Amino acid sequence: MTAINWAALNAAAKAASEQAYAPYSQFPVGVAIQAESGKIYAGCNVENASYGGTVCAERNAIAAAVVAGERKFAALLVYTPQSKLTPPCGICRQVIAEFFTPDAPIASSNHLGQQQSWSLQQLLPDAFTPTYLAASEKISKDS
Ligand code: THU
């Protein structure tokens, strides 16, 4: 099991938040994730004039790691642009559940140096994960 480097995650998430493209919400977010390899990947939110095209920092960090060949992650940290610490949104929780184990720490930090942590299990209990697809069976129309 890899030790989690919270100092490095904080630095990477804060740096990523400075690259956020958030002209509509003015809510620049940075996320850093630590892979089981020990490497850290970051993402920021990228908004769009067609608001639904916005992608959160969490999903961009995961995409950056996946394109680098990673599949398993030990921890995620959201650097939030306000004092109140913020967990990932619902869509991101689902995407996180694809690659993180239920006991993985999902944390938030802010400019005051405060940090709060949840487990993925707390944020998304009974998540729909790839293991459910393995058990899938075809239900025919006429039975
Ligand atoms: N956002 C993130 O990128 N991550 C979060 O954890 C919370 C929300 C983004 C989406 C949108 O660009 C802005 O923050 C306001 O919701």
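**Figure 1. Polar contacts of the ligand with Glu-47, Glu-58 and Asn-45.** A ligand oxygen atom lies 2.5 Å from an N or O atom in the side chain of Glu-58, a polar contact (a pair of N or O atoms within 3.5 Å; within protein, one must be able to donate a hydrogen and the other to accept it, and residues adjacent in sequence count only if both atoms are side-chain atoms). The ligand exposes 380 Å² when taken alone, and the protein buries 78% of that; accessible areas come from the Shrake-Rupley method with a 1.4 Å probe, and for residues only the protein chains shown count as cover. For the side chain of Glu-47, the distance from an N or O atom to a ligand oxygen atom is 2.5 Å; for the side chain of Asn-45 it is 2.9 Å. The model is predicted: local features need pLDDT of at least 70, side-chain atom pairs count only at pLDDT 80 or more, and totals for chains, interfaces and linings use all residues. Residues are numbered from 1 along each chain as its sequence is written, and side-chain values use heavy atoms, with hydrogens and water left out.

**Figure 2. Residues around the ligand.** Ser-25, Phe-27, Val-29, Asn-45, Glu-47, Thr-54, Cys-56, Ala-57, Glu-58 and Pro-88 surround the ligand, a residue being counted if one of its heavy atoms lies within 4 Å of the molecule.

**Figure 3. Ile-96 in helix α3.** Helix α3 spans residues 90–99 and includes Ile-96; helices (H or I, at least four residues) and strands (E, at least two) are DSSP runs, numbered from the N terminus. Ile-96 is buried, because its relative accessible area is 1%; buried means under 20% relative accessible area, exposed over 50%, and partly exposed in between (1.4 Å probe, protein chains only). Beyond its neighbours within four places in sequence, Ile-96 is in contact with Glu-58, Ile-62, Leu-76, Pro-88, Ile-106 and Leu-120, where contact means heavy atoms within 4.5 Å. Leu-120 is 24 residues from Ile-96 along the chain, and their C-alpha atoms are separated by 8.0 Å.

**Figure 4. Gln-34 in strand β1.** Strand β1 comprises residues 30–35 and contains Gln-34. With a relative accessible area of 2%, Gln-34 is buried. A polar atom of its side chain lies 2.9 Å from the backbone oxygen of Ala-3, and the side chain of Gln-34 also reaches the backbone nitrogen of Asn-5 at 2.9 Å. Leaving aside neighbours within four places in sequence, the residues in contact with Gln-34 include Thr-2, Ile-4, Leu-9, Lys-39, Ile-40 and Phe-73.

**Figure 5. A nonpolar surface patch containing Tyr-21.** Tyr-21, Tyr-24, Val-46 and Tyr-51 make a nonpolar surface patch of about 440 Å². Tyr-21 belongs to the loop between α1 (6–17) and β1, and its relative accessibility of 42% places it in the partly exposed class.

**Figure 6. His-111 in the loop between β4 and β5.** This loop joins β4 (105–109) and β5 (115–119). His-111 is exposed, with a relative accessible area of 52%. Apart from neighbours within four places in sequence, His-111 is in contact with Tyr-79, Gln-82 and Ser-83. Ser-17 is 94 residues from His-111 in sequence and 11 Å from it in space, C-alpha to C-alpha.

**Figure 7. Lys-14 in helix α1.** Lys-14 is partly exposed, at a relative accessible area of 38%. Lys-14 and Ile-62 stand 48 residues apart in sequence, with a C-alpha to C-alpha distance of 16 Å.

Note on methods. Patch = residues over 30% accessible without salt bridge, like charges linked within 9 Å, V, L, I, M, F, W, Y side chains within 5 Å. Salt bridge = Lys/Arg side-chain N within 4 Å of Asp/Glu carboxyl O.
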